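Work through the following exercises with the sequence and the structure open beside you. Try each task before you read its solution.

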Amino acid sequence: MSINYLTPEFVIERDRDRCIDCQVCVRQCANLAHSFDEEDQKVVSDDSKCVNCHRCVVLCPTRALTIKRNPLEFKENANWTPKAIREIYKQAETGGILLTGMGNDMPYPIYWDHILLNASQVTNPSIDPLREPMELKTFLGRKPEMLRVEDGKLAEKLPPQLELEMPVMFSAMSFGSISLNACESMARAASEVGIMYNTGEGGLHRNLRKYGKNTIVQVASGRFGVDPDYLQAGAAIEIKIGQGAKPGIGGHLPGEKVGEEVSATRMIPIGSDAISPAPHHDIYSIEDLRQLIYSLKEATNYEKPVSVKIAAVHNVAAICSGIARAGADIIAIDGYRGGTGAAPTRIRDNVGIPVELALAAVDSRLREEGIRNQVSLVCAGSIRNSADIIKAVALGADAVYIASAALIAMGCHMCQKCYTGKCNWGIATQDPNLTKRLNPEIASRRLANLLHAWAHEMKEMLGGMGINAIESLRGNRLMLRGVGLSDRELKILGIKAAGE
Amino acid sequence: MSFVIIGNSTAAIGAVEGIRRYDKHTPITIISDEPYHTYSRPLISYYLGGKTTEENMLYRSKDFYEKNNVKTMLGVKAESVDFKKKEVILQDGSRIPYSKLLIATGAKPFVPPMEGLGKENIFNFIKFDDVKKIEKVAVKGSKAIVVGASFSGLKAVEALVHRGVKVTVIDIMSRIMPRVLDDTAASIVMETLRDSGVEVLLNTTVEKILGGDRATGVLLKDGSELSCDFIILAIGVRCNTDIVKGTELKTNRGIVVDSRMQTNIPDVYAAGDVAEGYNFIEDKYMEIAIIPNAYKQGETAGANMAGACKVFDKGFIMNSMPLLGLPIISAGVSEQREGISVKTVYKPEKNSYKKFYIKGNNLVGYLLINDVDRAGIYTSFIKDKTDISAFEDSLGSDDFGFVSLPKALRKDKMLKGEVV
Amino acid sequence: MDRIPDSAKRKRVYAREEVCVGCRLCEVYCIAAHSSYKNDLIKAFKRSYIRPVPRIVVEERKPISFGLQCRHCEEPECVKGCITGAMQQDPETGIVTNDEARCIGCWTCILACPYGVIMRDYREKKVAAKCDFCIENGGEPACVKNCPNEALYIGDVRESCDDAEGGPDK
Amino acid sequence: MLVREGQVRIPSGCAISGIINKKGELFSGSDIIKSISLMHDRSNGLGGGFAAYGIYPEYKDLYAFHMFYDDTNAKDNTEHFLNKHFNVELSGKIPTRKVAAITNVPIIWRYFVSPRKDKLEESGLSDDEFVVRCVMKINNSIDGAFVVSSGKDMGAFKAVGYPEDIGEFYMLENYKAYIWTAHGRFPTNTPGWWGGAHPFTLLDWSIVHNGEISSYDANRRYIEMFGYKCTLQTDTEAITYIFDLLLRKHKLPLDVAVTAMAAPFWSEIDRMDEDKKELVKAIRATYSSILVNGPFSIILGFKNGIVALNDRIKLRSLVAAEKDDFVYVASEESAIRVVCPEPDRIWAPRGGEPVVALLEGVETI
């Protein structure tokens, strides 16, 4: 066996003055980075196994541990960065494609951070959310061109709508890619807060059926877990065409993650690989999509809105126009920062476009075509905080999807090792020793806390802008100004530069 | 209304506490021939061994009687009972009337006839007064003979070893603690005794106690003689039914009671070592002379005296006895009989021995030596008649615990009583 | 006839095995809470000449694990079986504690406890060690307080949940 | 050079006032001038104006186009356009008098027109929609031309200046109308542009508005999907189009339009009966983008009456009063009392609660 050229990415620092050798770290590291030396009666660590997930650091009762980047330097080279070199070592060693988890971590511009919000001064009053009602309720679904009212009553019922207490939903994450406890946590939080969570393509576990009112069931290319009951079980159906982290790429849940429960939920044999093809093999064109949309509507008696989720790619505006005209009630646009349980690194880091630009382009395009009311737009792909949401809504989104933020709320420390199945936080794993680390009681509470906090913040920001209902912000791009953006970017975003 | 309790040990205290759960006010009178505040009988060996003090031998705190509104007549012997008049007759002839009476007179030593019993320096090993006498002669370097290698005899041995007394223990049977230990277990215990310098003579009896006014030795059945400075007789005990001898109160070996601890005479109860309670493993009424049993019987009697309706029908033998640092716990059946299978786990390197007696799907008895942790879980299986078939294989394993149980049973036990 | 009720609501530490992560922090904190450095883990572990025994049993057979400690039974077998009177139940709180000064380590309580949660403590003289609900530390058990995943919690206990032999009072 | 309305969005504070005689009896512009003048300090001389209904009884079947031209070139181009699309029955300068405070006067002209039959048929539009399209076209594509008003038997008179000067300038005491509305403007950072002054009108809708709506861009981008062009980037313009869209195009009852624009809160909706709840929910869901958010008080004028409305949390003042056949609304109570010292009833309407005053015999808008 030849030597592995890879050196540890991190170093584990154990303060011996603080360590009490209680072995909590040993018991908690699924990567076996810590062990107890029986001979010396003390805990020791192996840096090479550490993925920097912070599980041990957080649980260490004496705060004896910290993890640092390995200070080992390569000869300085602006082109051949340590990352580039390490990746080559890895591939030369394994012969495999590079895999990664979570969203694109490359230093591309983050447009949210180049957009600033307005606030009222003198000429109109800001509104104090502590004194005045401040409304975040949002309806997703096709809106009629106009209402017909007869004798003071609605003459024609609205098409089916999703009613959200705030314009945020938990984005699609399948049972399989994440643990059932993680799914349940989101389902519980969604039902508590009055929003939606999304099954992803993993089917709907029987224990979660009771959260149907707050569930979007997804139909993806693998069609896992899809049957009439499934379609009926949720409040809406989402056709997943693509995912921001890996546009144009399918999915692959390895057989070892397909245990009894995943198998039953996905309706596939235990231990079989769950492969989602890159395209839906019954959708090779827009008219095929239309057929699927209407098949699903037929199957559910036109009682549930149908969403179509796509990755933000170059031609996103035209594609969304097509999707709207194909009968979708909701379009979810997933930007390139969106997370994933597993994706080829090269795809994740190089394919797709920023969701901010995609969203602005789509909203403008649909308005130009006069069909913006026919669909609701959901912005996904690395919404990090309430300000991102406010900016997304002002750019034109009806609501946003959050996933990475939700996972972080539940404990994810963004080590990006989801694909290993050894998530020490019990999220991206099916190992029963690990999944129980995610207590749905706690995680759902944390999720609800996050949403409540964000709701408060959104209300503050709205109030500052003199707005007391979120819909008055939607597409209200005058509330935005750009900083550090080119004219071209400002134009695409449809916003002015700060100072204008 | 008044409650009278004859006796001042475990069953009596259980009765006081049982009464006071339902009735805070009716006066209680305790009559005992021992002059002491209630103390723990088994602690006499620890007292003798220097492991506890007189103060720490109190079974309940000094203010127990006061707090529970109990009038005590200590050092007063109850001679007999006039069941017709419902009065207890004391040694001095005075009479104590009762509405309800509990007889908790315990046990008395059983001493088979042997020559020379009248000499000095021959002791029983039951009461505090016994060890108060023994401690005077059991000085370091003295030699003692203990007759009887059962529970109390061996506790006496232990105490004497702690005092630096050279001890020889004699038993008629072929192994020590014959009713509890099997050969393997006995050999483990024997080794511990030997390690402490105790000589054990089995299969023999004392024919005659030697000496003048004072005992100086014994003559054994085989004709050999042993010299000693004093002798402790710990051959066994019998129910102390003296007070009701010849009355209409029904007795066998002990006083016959039902599962509410009532005797055949209305308003008269019996509990503790004097009573023949129900042994639910043996499915018969018999004396079960152990503390937990005495307490529960007393408590049951007390509750019923106070007007509640309480039943105690889960009595069975169980004992825990660390001997010279070697823990020994046993419960329930301790001999192989028809219909009972046995499982043993012997780990010589750990000096650990575990033996389980299984009848059908139930555990009916066990013996643990050295590794006694979590023994009570096994006890509960016996008591609850738990179906152990699903986890029988794991009995006695090092990590045996609730984790070994089927999930439903485990959760039932662990979450018991939760208000959801 | 009714039993005179206890004045206080009984509480008990329950375990949710579904979310026990097997870290044994409950043990770690229990040890510290019963050491002479109640609020300093490092000193409790590094300075205590002999480490106290944990009063919680962590059972583990992967993937199942859970902590288990004294149930403070309504009808405590350990109290009834105790030969010295050291094991006592507070009539107000229902909490069962062992007076270690009086305990002589006969292990009858270990024999009696149906949950197997009384430990042998050989640190000085041998005594039975058991959960005392951290009454000396304000009654918030350290195991519950420091369980990182809320796998231990304090629950209210129903009256008459622990059947005495022969069932509850009739 | 400072940019003007249409090139930039200019928020402003203002004074508004409106008077209607419900019997349709005509009265001169003196009262409205008096009323709006009283609130002099609510304007800053950078814009004001009036709308009057019933002023052209002799031409009441014709659309009256009031026009501003920057130069004759714009006038020529516009007249060419008008002649191509309309039969121009009468045209001429709108009479004005010299007032020292009113300067930079554009060419002010008016035309009484009817759509040319052939063009109308060619377009397949209704008369009104045809006119709307033409107004949008002129405002959008003819440089230097601006349609001040385009309704029948009504007109808007506006300018850069204080309202009382503007009234004098247009000699409004000579006009008689059954509805008068007026506006005094306090724009921030504007050079003042005649076209940007208020009222804003379309067909016979006229709006005077006090406020700065924070939902402007959401409202604008919504109505622009229905063919409106918000060339002025003013709240007033957007609100006018919203009324036009809801009332004229979508034929919704006034209460539905008001519900959409100044919607009740969800907490209130939750307490409504089921039918009503369903309706209001549908209104808020469907017309969420035309909820007018932020402070405003407006007076909508049209041939059958006026509607005054506050934003739903009443962030701007608005007072209403009744006296005999007259209904008054104004930013301040004093502006009513100055022309009607002892009204029968005077009140401050609640946020989102419209004051509707229709001509007698008229059921709806």
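**Exercise 1. Chains A and D**

How many residues of chain A are in contact with how many residues of chain D? Sort the residues on the side of chain A by class as well.

Solution. Keep in mind from the start that this is a predicted model, and that the model as a whole scores ipTM 0.87 and pTM 0.91. The first step is to count the residues on either side, which gives 34 residues of chain A in contact with 34 residues of chain D. The second step is to sort the side of chain A that touches chain D, where 14 residues are nonpolar, ten are polar and ten are charged. As a last step, consider the confidence in the partner: chain D has a mean pLDDT of 92, and 95% of its residues reach 70 or more.

**Exercise 2. Which chains touch**

Find which chains have the most contacts among the three pairs of chains that touch, and describe the side of chain B that takes part.

Solution. Begin with pairs that do not touch: chain A and chain B make no contact, and their nearest C-alpha atoms are 15 Å apart, while for chain C and chain D, which are not joined by any contact either, the closest C-alpha atoms lie 36 Å apart. Among the three pairs of chains that do touch, the most contacts are between chains B and C. Next, count the residues involved, which are 50 from chain B and 44 from chain C. On the side of chain B that touches chain C, at least two residues each come from α2 (43-48), α7 (291-305), β22 (318-320), β23 (328-332) and α8 (375-384) of chain B. The largest share, five residues, is supplied by α8(B). Finally, a division by class of this side of chain B gives 26 nonpolar, eleven polar and 13 charged residues.

**Exercise 3. The fold and size of chain A**

Decide why chain A can be called as compact as a globular protein of its length, and describe how its two domains meet.

Solution. Start with the elements of chain A, which are 15 helices and 23 strands. The radius of gyration of chain A is 24 Å, and the globule rule gives 23 Å for 500 residues; the two values are close, so chain A is as compact as a globular protein of that length. Along the principal axes, the C-alpha trace of chain A spans about 85 × 60 × 45 Å, and 53% of the 500 residues of chain A count as buried. Now turn to the division into domain 1 (10-96) and domain 2 (138-497) of chain A, whose centres, taken over C-alpha atoms, are separated by 35 Å. Their contact takes nine residues from domain 1 of chain A and seven from domain 2 of chain A. On the side of domain 1 of chain A that touches domain 2, four residues are nonpolar, four are polar and one is charged.

**Exercise 4. The order of elements in chain C**

Write down the elements of chain C from the N terminus on, and then locate its domains.

Solution. Chain C has five helices and eight strands, and their order from the N terminus on is β-α-α-β-β-α-β-β-α-β-β-α-β. Of the 170 residues in chain C, 56% are buried. Domain 1 of chain C is made of two stretches, 10-69 + 135-155, whereas domain 2 of chain C covers 72-130. The C-alpha centres of these two domains of chain C lie 19 Å apart, and ten residues of domain 1 are in contact with twelve residues of domain 2.

**Exercise 5. A sheet and a loop in chain B**

What is the order of the strands in the open sheet that contains β18, β20 and β21 of chain B, and is B:K24 buried or exposed?

Solution. The order is β18-β20-β21 (chain B), with mixed pairing. The edge strands, each of which pairs on one side only, are β18 (255-256) and β21 (284-286) of chain B. Between β18(B) and β20 (residues 275-279) of chain B, which run parallel, there are two bridges, and B:I255 stands opposite B:A275 in β20(B). For the second part, place B:K24 in the loop between α1 (10-20) and β2 (28-32) of chain B. Because B:K24 has 11 other C-beta atoms within 10 Å, it is exposed, the cut-off being 12 or fewer.

How values were computed
Residues are numbered from 1 along each chain as its sequence is written. Chains are lettered from A and ligands numbered from 1 in the order in which they are written. This is a predicted model: local features need pLDDT of at least 70, side-chain atom pairs count only at pLDDT 80 or more; totals for chains, interfaces and linings use all residues. Helices (H or I, at least four residues) and strands (E, at least two) are DSSP runs, numbered from the N terminus. Ala, Val, Leu, Ile, Met, Phe, Trp, Tyr, Cys and Pro count as nonpolar, Asp, Glu, Lys and Arg as charged, and the others, Gly among them, as polar. A residue is buried if 20 or more other C-beta atoms lie within 10 Å of its own, exposed if 12 or fewer, and partly exposed in between; C-beta atoms are placed from the backbone. Two strands pair if DSSP finds at least two bridges between them. Domain bounds come from an automatic or database domain assignment. pLDDT is the predictor's confidence in each residue, from 0 to 100. The radius of gyration is taken over C-alpha atoms; the globule rule is 2.2 Å times the number of residues to the power 0.38.
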